[in-house]
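Could you walk me through this structure, one selection at a time? Keep the viewer open and follow along from stop to stop.

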Amino acid sequence: MAQAKFFDERTDQSEVKARIIQKYFYAWAKVIIPSAKHREKKIAYIDLYAGPGR
């Protein structure tokens with residue numbers, strides 16, 4: 001199965017993306033959560049460059 005190999009190794013681009021997300025997610029969430037509390041009380045992070053999926 002070709003898709004199974006996709007998850008075997010993390011590419012350089014994926015590593016950089018993971019570092020950026022790790023660094024900025026908390027700051028992003030601090031901005032988003034207050035407005036979410038006034039609405040549905042849910043937030044979501046959607047990765048639109050996540051590969052073929054499983």
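A residue is called buried when its relative accessible area is under 20%, exposed when it is over 50%, and partly exposed in between. Keep that scale in mind, and remember that this is a predicted model.

**Stop 1: the whole chain.** Start with a cartoon view. You will find two helices and zero strands. Now switch on the surface: the accessible area is about 5,500 Å², and carbon and sulfur atoms account for 57% of that. Of the 54 residues in the chain, 4% are buried.

**Stop 2: helix α2.** Select residues 12-37, which make up helix α2. How far apart should the ends of its 26 residues be, at 1.5 Å a residue? The expected span is 38 Å, and the end C-alpha atoms lie 36 Å apart, which agrees. Next, centre the view on Y24, where α2 has a kink of about 40 degrees.

**Stop 3: a nonpolar patch.** Show the side chains of F25, W28, I33, I43 and Y45. Together they make a nonpolar surface patch of about 430 Å². Click on I43, which sits in the segment after α2. Is I43 buried, exposed or partly exposed? Its relative accessible area is 37%, so I43 falls between the two cut-offs and counts as partly exposed.

**Stop 4: the aromatic rings.** Hide everything but the rings for a moment. A pair of aromatic rings is described by the distance of the centres and the angle of the planes. Searching the whole structure gives two aromatic pairs. One of them joins F25 and W28: the centres are 5.3 Å apart and the planes meet at 40 degrees, a tilted arrangement. Where do these two residues sit relative to each other in helix α2? They are three residues apart, which means a separation of about one helical turn. Both can be checked on the surface: F25 is partly exposed at 35% relative accessible area, and W28 is partly exposed at 33%.

Now add Y45 to the selection. The ring centres of F25 and Y45 are 6.0 Å apart with their planes at 85 degrees, so this pair is edge-to-face. Because F25 belongs to helix α2 while Y45 belongs to the segment after α2, the pair ties together parts that are 20 residues apart in sequence. Y45 itself is partly exposed, with a relative accessibility of 42%.

**Last stop: the cluster.** Keep F25, W28 and Y45 on screen together: ring pairs link these residues into a cluster.

Notes
Residues are numbered from 1 along each chain as its sequence is written. This is a predicted model: local features need pLDDT of at least 70, side-chain atom pairs count only at pLDDT 80 or more; totals for chains, interfaces and linings use all residues. Side-chain values use heavy atoms; hydrogens and water are left out. Helices (H or I, at least four residues) and strands (E, at least two) are DSSP runs, numbered from the N terminus. Buried means under 20% relative accessible area, exposed over 50%, partly exposed in between (1.4 Å probe, protein chains only). Accessible areas come from the Shrake-Rupley method with a 1.4 Å probe; for residues, only the protein chains shown count as cover. The expected span of a helix is 1.5 Å times one less than its number of residues. The bend at a residue is the angle between axes fitted to the seven residues ending there and the seven starting there. Patches are made of residues with over 30% relative accessible area and no salt bridge: like charges are joined within 9 Å, nonpolar side chains (Val, Leu, Ile, Met, Phe, Trp, Tyr) within 5 Å. A salt bridge is a side-chain nitrogen of Lys or Arg within 4 Å of a carboxyl oxygen of Asp or Glu. Rings of Phe, Tyr and Trp (its six-membered ring) pair if their centres lie within 6.5 Å; planes under 30 degrees apart count as stacked, over 60 as edge-to-face and the rest as tilted.
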